[in-house]
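This report goes through selected sheets, cores and one helix of a protein chain. Please keep the sequence and the model at hand while reading.

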Amino acid sequence: MRDLLRWLLLLSGVLCISSQKIGVNRLVCGRRKVKSVYLIHNGIDARPGHWPWHAVIYQRANGAEEYKCGGSIIDEDTILTSGHCVTVGSRAISPEQLSIEVGRIRLHERTEYTQTHGVRQVIVHPGLNVRRFKNDIALIKLASNITMTPHVQPVCLWTMDNNQELIVGKNGTVLGFGLTEQDVVSEQLKQASIGVVDTLTCLANDRAAFGTYLTSEMFCGGGRDGVSACNGDSGGGLFLEVEGRWFVRGIVSFIPLRKNTALCDTSKFTAFADVAKYLKWIEQYIDPRVLVFDTDDYEVDYEEKLPLFDLNDCGIKSDTFLADGSHMSYPWFGYAVVGQTTFVKCVVTLVSEWYAVGPASCFENDGNEVRIRFGNYEDLKVRKCFDRNGTMVCADPTQTLQIQRIIIHPRYNDKEFTDNIALVELLTPADITQPNVRPICLPVTKELYSNQTSNLLAISYSALKRSFVDKPTRYVNSSQCIDMYLDVGLRLNLDEKRICGQLAAETTGDCAALKSGAALQELREQRYVLRGFDLFGRDCESTVPTVYNNLYAYLDWMLYNMRFNEVDLDAKDSSLEAKWAIRQKEHEKLLLFDMSTCGIIKMAQRVSSVVTYNPWIGSLEGLENVSTSPPRVLGKVILISERYALAPAQLFSIPQEWRSVILGYHDRVFELSCEIKGCDPPYQKVDIKKVYIHPDFNEQSLHQNNIALIELMEPANTTKPLISPICLPLMQEFRHSTPLELKLATELSESRKVKRLSPANCQAQLIHEGAFLPVQELPVCADDLESDAGMRFSGHTGSALQGS
């Protein structure tokens with residue numbers, strides 16, 4: 001297990017088609033379900049289902065219910081309205097005196113779409129001043145949940161920039177049963193187009209009224225031809241459409257009155273309480289699932305996506321073993337490994353035969369090919385049986401799969417690690433018929449969805465049990481979690497997309513944290529459901545809670561990007577490996593090269609960092625005089641196969657009595673120590689059998705044909721970890737492709753990013769350095785991206801320009 005822990009341990013101190021409960025009981029706001037082709041005219045009747053978020057507030061008086069105000073549905077049990085609609089004097093109206101109807105478009109006529117709900121609580125803004133319409137906003141909590149239908153849905157709260165200047169000139173829509181032109185309450189729900197105006201225009205419209213009452217938490221709007229909100233429209237919303245979705249930005253607050261009447265003056269603007277200014281206050285009382293942040297919402301048909309998942313067998317524990325004898329019960333546990341090595345970058349979770357999910361930070365391009373391995377961290381080709389505590393058990397073969405697509409969340413921030421999630425689409429499906437490779441469940445059905453935080457389990461490793469285990473994790477609310485991190489000097493940014501959890505102190509003793517990405521699971525009816533994953537690899541911390549991605553916040557995004565794949569029966573025959581095998585049969589010399597192991601960067605975990613090695617970089621050592629001079633390094637060589645290396649031809653222009661190649665990690669002190677104490681050195685000294693200088697090489701033109709092929713006296717010992725050849729572009733697929741990244745490997749453990757220069761830029765750079773070459777003689781040119789100006793590649797003769 002030590003080898004596993006060496007790689008796995010971390011060494012470090014929120015408009016869809018409708019608002020009904022789609023698939024997993026999630027609310028989608030601001031979308032119309034009822035289709036209609038409908039233009040907004042001034043004061044025109046509203047159609048059924050066209051404004052499904054409008055609510056009607058009634059107040060019981062003298063034994064009868066009277067129309068009071070309008071409101072807007074925010075979530076299943078919350079109505080947004082004006083503060084003056086639900087208060088008498090300075091006190092809130094008793095909930096028993098109020099009732100709410102939704103789905104209503106006629107004031108005194110019910111339809112099959114109408115729902116009636118009692119009121120449980122009236123929440124008035126603490127700063128409300130009814131006489132001055134200050135902080136004129138309130139929430140009504142219902143005694144029963146609204147049943148979302150195509151005709152009854154929530155509107156979205158304005159979560160975008162709250163700068164009022166950005167909405168000036170935009171047209172919105174107001175709704176209500178307010179007074180008509182005949183000064184009578186409308187029987188039919190009316191809609192009107194209202195344009196937002198700036199504060200100065202508003203003040204000029206009625207300086208006495210707006211100059212007295214208008215605050216920075218309000219804005220003004222009005223329609224053409226004297227169309228505006230009026231008595232009875234109070235509490236209703238001003239709705240703006242953004243990219244096909246409707247948001248409530250304002251709440252009808254007041255309109256100046258006609259002289260000597262208590263009736264509205266429709267020639268005046270309407271004042272709206274600005275919802276965006278009160279978002280923080282509103283958030284305390286609503287379901288956060290309805291809050292929309294830019295790209296967080298995706299139109300997903302859950303019924304259409306369900307066949308992607310094995311809902312019958314997902315989330316069932318296994319009874320399997322790893323090659324080192326460790327017990328494993330979670331067959332969805334996977335590893336993102338570098339190439340075909342055992343170096344684990346992070347943990348991923350299999351969610352279907354084609355898809356896994358993990359941290360986006362794990363899949364940023366670092367020049368290494370990443371593959372997904374299930375069943376074991378080692379690449380076990382055949383079944384391996386062994387004795388474990390007196391019982392014969394077996395480890396099943398692993399599945400190491402290539403990646404077809406990596407979908408990084410569009411809002412991922414690599415500085416703050418927000419939206420740190422990636423969906424990995426496999427090139428070929430995982431074989432989920434095997435006992436050690438099966439998917440976990442996603443909460444895509446009502447049976448699998450809970451939105452609870454009382455049954456959370458985190459995966460870790462128990463050294464005592466030699467087993468991967470899940471440990472109960474106590475949910476820690478956001479404010480408490482933030483405070484606990486502040487206590488240790490760390491500022492934590494939490495939102496509804498992250499949740500905190502902490503193991504009980506007594507369970508952290510025998511607990512080995514895994515790398516980032518380890519699953520946070522929920523057990524529902526003996527099946528495991530993915531709830532999130534560890535973001536920082538701190539599952540076993542006892543001082544501060546672990547921060548997990550909240551999978552519920554990303555479920556729509558995941559399903560939106562998941563597609564139905566089919567196995568390409570010809571894929572195997574058309575793979576690069578298959579083509580290479582054919583090419584080797586056609587050209588005998590190609591048998592010198594092993595494309596399955598070449599070009600793999602090696603990594604080693606250190607206490608505070610990961611060191612990257614270029615195991616094909618060696619040194620050319622020479623002796624001017626065997627008897628009198630010590631050996632010295634002449635330059636770099638690049639190992640291309642077990643028997644051959646490349647180097648600049650100019651290195652062999654200097655007379656030397658003896659030359660050799662040093663591969664792997666080597667320094668003089670280490671060499672001397674090995675000679676005295678005896679050790680298996682991590683390097684190899686190889687004599688040179690023959691050097692083949694390019695026939696057109698000319699010492700006077702080092703930029704042309706400056707290459708030599710070195711034949712080694714004995715094969716390179718590639719069993720040593722830091723000795724391995726680089727790949728050559730021996731296939732057209734490699735020669736005609738553009739590398740994702742270019743690096744200059746200057747030492748065994750040093751490389752830096754470079755950019756390739758065009759011929760014109762190359763020539764200009766050379767002229768600047770005092771050299772001139774005809775275009776036809778220009779070599780491949782690259783410029784350093786990482787070093788300071790003036791510190792170019794001098795001193796690195798023979799370094800490898802390598803692409804990935």
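Which residue in E15 stands opposite Val 242? The residue is Arg 245. The model in which this pair is found is a predicted one.

**Strand E15 and its partners**

Strand E15 covers residues 245-254 and is mostly covered, with 10 of its 10 residues buried. Three strands that pair with E15 are listed below, each with one pair of residues that stand opposite each other.

| Partner of E15 | Sense | Bridges | Opposite residues |
|---|---|---|---|
| E10 (residues 156-157) | parallel | two | Cys 156 and Phe 247 |
| E14 (residues 237-242) | antiparallel | six | Val 242 and Arg 245 |
| E16 (residues 270-274) | antiparallel | four | Ala 271 and Phe 254 |

Both senses of pairing thus occur around E15: parallel with E10, and antiparallel with E14 and with E16. In general, the strands of a sheet pair through backbone hydrogen bonds, in either the parallel or the antiparallel sense.

**Nonpolar cores**

The largest nonpolar core has 73 residues, and Phe 363 and Phe 468 touch the most other members. Strand E20 (residues 344-350) supplies the largest share of this core, five residues. Leaving aside residues up to four places away in sequence, Phe 363 touches Ala 336, Cys 346, Val 348, Val 370 and Ile 372, and also Ile 403, Ile 406, Ile 408, Ala 422 and Val 424. A second core, separate from this one, holds 49 residues, among them Leu 80, Ile 93, Val 102 and Val 155. Nonpolar side chains tend to be buried together in soluble globular proteins.

**Helix H6**

Helix H6 spans residues 478-487, and in this helix Cys 481, Met 484 and Tyr 485 are buried. Viewed down the axis of H6, the buried residues fall within an arc of 95°, so they line one face of the helix. An α-helix has 3.6 residues a turn, so residues three or four places apart point the same way. The cover over the buried residues of H6 includes strand E29 (467-476), strand E30 (498-503) and strand E33 (546-550). After H6 comes Gly 489, which has a positive phi, near 85°.

**A closed barrel**

Six strands form a closed barrel in the order E36-E37-E38-E41-E40-E39, and their pairing is antiparallel. On average, neighbouring strands of this sheet are turned by 40° against each other, direction ignored. Within the barrel, strand E37 (residues 632-639) is joined to strand E38 (residues 644-647) by two bridges, and the two run antiparallel. Leu 639 has Ala 645 in E38 as its bridge partner.

**An open sheet**

Which strands stand at the edges of the open sheet, and why is one side of each left without a neighbour? The sheet has four strands in the order E44-E43-E42-E45, paired antiparallel. Strand E44 (782-784) and strand E45 (800-803) are at the edges; each has a single partner strand, so one side of each has no neighbour in the sheet. From one strand to the next, the twist averages 40°. Strand E43 (residues 750-756) is joined to E44 by three bridges, and these strands run antiparallel. Arg 756 stands opposite Ala 782 in E44.

Terms used:
Residues are numbered from 1 along each chain as its sequence is written. This is a predicted model: local features need pLDDT of at least 70, side-chain atom pairs count only at pLDDT 80 or more; totals for chains, interfaces and linings use all residues. Side-chain values use heavy atoms; hydrogens and water are left out. Two strands pair if DSSP finds at least two bridges between them. Axes are lines fitted to C-alpha atoms, for helices over the stretch in contact, and angles run from 0 to 180 degrees between N-to-C directions. Buried means under 20% relative accessible area, exposed over 50%, partly exposed in between (1.4 Å probe, protein chains only). A nonpolar core is a set of buried Ala, Val, Leu, Ile, Met, Phe, Trp, Tyr and Cys residues joined through side-chain atoms within 4.5 Å. Contact means heavy atoms within 4.5 Å. The arc is that of the directions from the helix axis to the C-beta atoms.
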